[in-house]
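Me: Please take a close look at one part of this protein for me: its interior packing. Keep it brisk.

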Amino acid sequence: MYREVKLEQVQEILDKEPARYFDEREELEDISLEDNTRYYLSDDMLLIFSPQRIKTLITAVPLKTDFDLAAMEDFINKRSDRFMIHLNVTGINAGSLRFNEPYVISDPYKSYWTDGADQTEIKAEVPGRIRPLTDKDTRYVRSFPDEGDVPGMKLRESFSIYTDDDIGTILGYFSEEGFLLGYLSYTPSYLDAYSVDGIFVTPASRRQGIGTALAQKMIEEAHEQGMEAYWPVAQTELVEKTAEKAGFSYVASRITIESV
């Protein structure tokens, strides 16, 4: 049976495993300021409800790997008919979950983390140069190859946001001939960490260590400033391998569930 609880109880649960629950803790920093946010707890599940104008955003944190999925569904459906759930499935076989209502359900995606310690024994050595992109690099961005169906914003979309609004950093990898061959973007979070936003290396330049070098540079800059490094969404096997080679460690898996 679910019962409503206070913010302090939620924070206590999430703070026990800060890396595993990084996304949830960061989300809480924002939505806890909203008057309509509600927190519910059962013996095996923590639910955070954040009603928005169009749908309710729900953060779901299982407290047991064998949690009662049907009870969670029933509780949510009684309180909202339009919602998106971010369900932490770390340690759970997401494919074994059997949902009863018609939803759109994502594939699991992994999150990675590094703390202040240097976890990388082998530093990627690449012949080119890595540096932050500035508003003077427009010509490189305009000539950057099409990124295809890569999830999220592409470089041409994010470049002006990063440079004009100063929301974060885009590290660019330049070949010895001066061509932009790849980039990694990251932003500061509420929780004293830099979070990877996107990474892309041109297809012809992959498997040469460029992505790993970009990620290691981001870790290096984070640690130099007393920050930790977080990779919230690794959606492909190639990205997962890049994160691991750079020194990130796997900490969590999540799926999204949206009502239809």
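Reply: Here is the interior, starting with the nonpolar cores and ending at two loops.

The model is predicted, so local features need pLDDT of at least 70 and side-chain atom pairs count only at pLDDT 80 or more, while totals for chains, interfaces and linings use all residues. Residues are numbered from 1 along each chain as its sequence is written, and side-chain values use heavy atoms, with hydrogens and water left out.

The largest nonpolar core has 28 residues. A nonpolar core here is a set of buried Ala, Val, Leu, Ile, Met, Phe, Trp, Tyr and Cys residues joined through side-chain atoms within 4.5 Å. Buried means under 20% relative accessible area, exposed over 50%, and partly exposed in between (1.4 Å probe, protein chains only). Y173, L184, L214, M218, W231 and F248 touch the most other members. Two or more residues each come from strand 9 (169-174), strand 10 (180-188), strand 11 (193-201), helix 6 (210-224), strand 12 (228-234) and helix 7 (237-246). Helix 6 gives the most, with seven residues. These elements are DSSP runs numbered from the N terminus: helices are H or I with at least four residues, strands E with at least two.

Take L214. Beyond its neighbours within four places in sequence, L214 is in contact (heavy atoms within 4.5 Å) with I130, L171, G172, Y173, G182, Y183 and L184. A second, separate core has 23 residues, among them Y40, F49, L97 and Y103.

Helix 6 also packs on helix 7. Their axes are 8 Å apart, at an angle of about 50°. Axes are lines fitted to C-alpha atoms, for helices over the stretch in contact, and angles run from 0 to 180 degrees between N-to-C directions. The two helices are therefore oblique to each other. Angles under 35 degrees count as roughly parallel, over 145 as roughly antiparallel, 65 to 115 as roughly perpendicular, and the rest as oblique. G211, T212, A215, Q216 and I219 in helix 6 meet T242, K245 and A246 in helix 7.

Helix 1 (residues 7-15) and helix 2 form another pair. Their axes come within 10 Å and cross at roughly 155°, so helix 1 and helix 2 are roughly antiparallel. L7, V10, Q11, L14 and D15 in helix 1 meet E24, R25 and L28 in helix 2.

E24 is in helix 2 (residues 22-31). At 4% relative accessibility, E24 is buried. Its side chain joins that of N88 in a polar contact of 3.1 Å. A polar contact is a pair of N or O atoms within 3.5 Å; within protein, one must be able to donate a hydrogen and the other to accept it, and residues adjacent in sequence count only if both atoms are side-chain atoms. Not counting residues up to four places away in sequence, E24 touches L14, T59, V61, N88 and R254.

S111, in strand 7 (residues 109-114), is buried too, at 0%. The S111 side chain reaches the backbone oxygen of P232 at 2.5 Å. Outside its neighbours within four places in sequence, S111 has contacts including Y230, W231, Y250 and R254.

Two loop residues lie outside this interior. D166, between helix 5 (155-165) and strand 9, is exposed at 64%, with phi near 55°. R207, between strand 11 and helix 6, is exposed at 77%, with a positive phi of about 60°. Most residues other than glycine have a negative phi.
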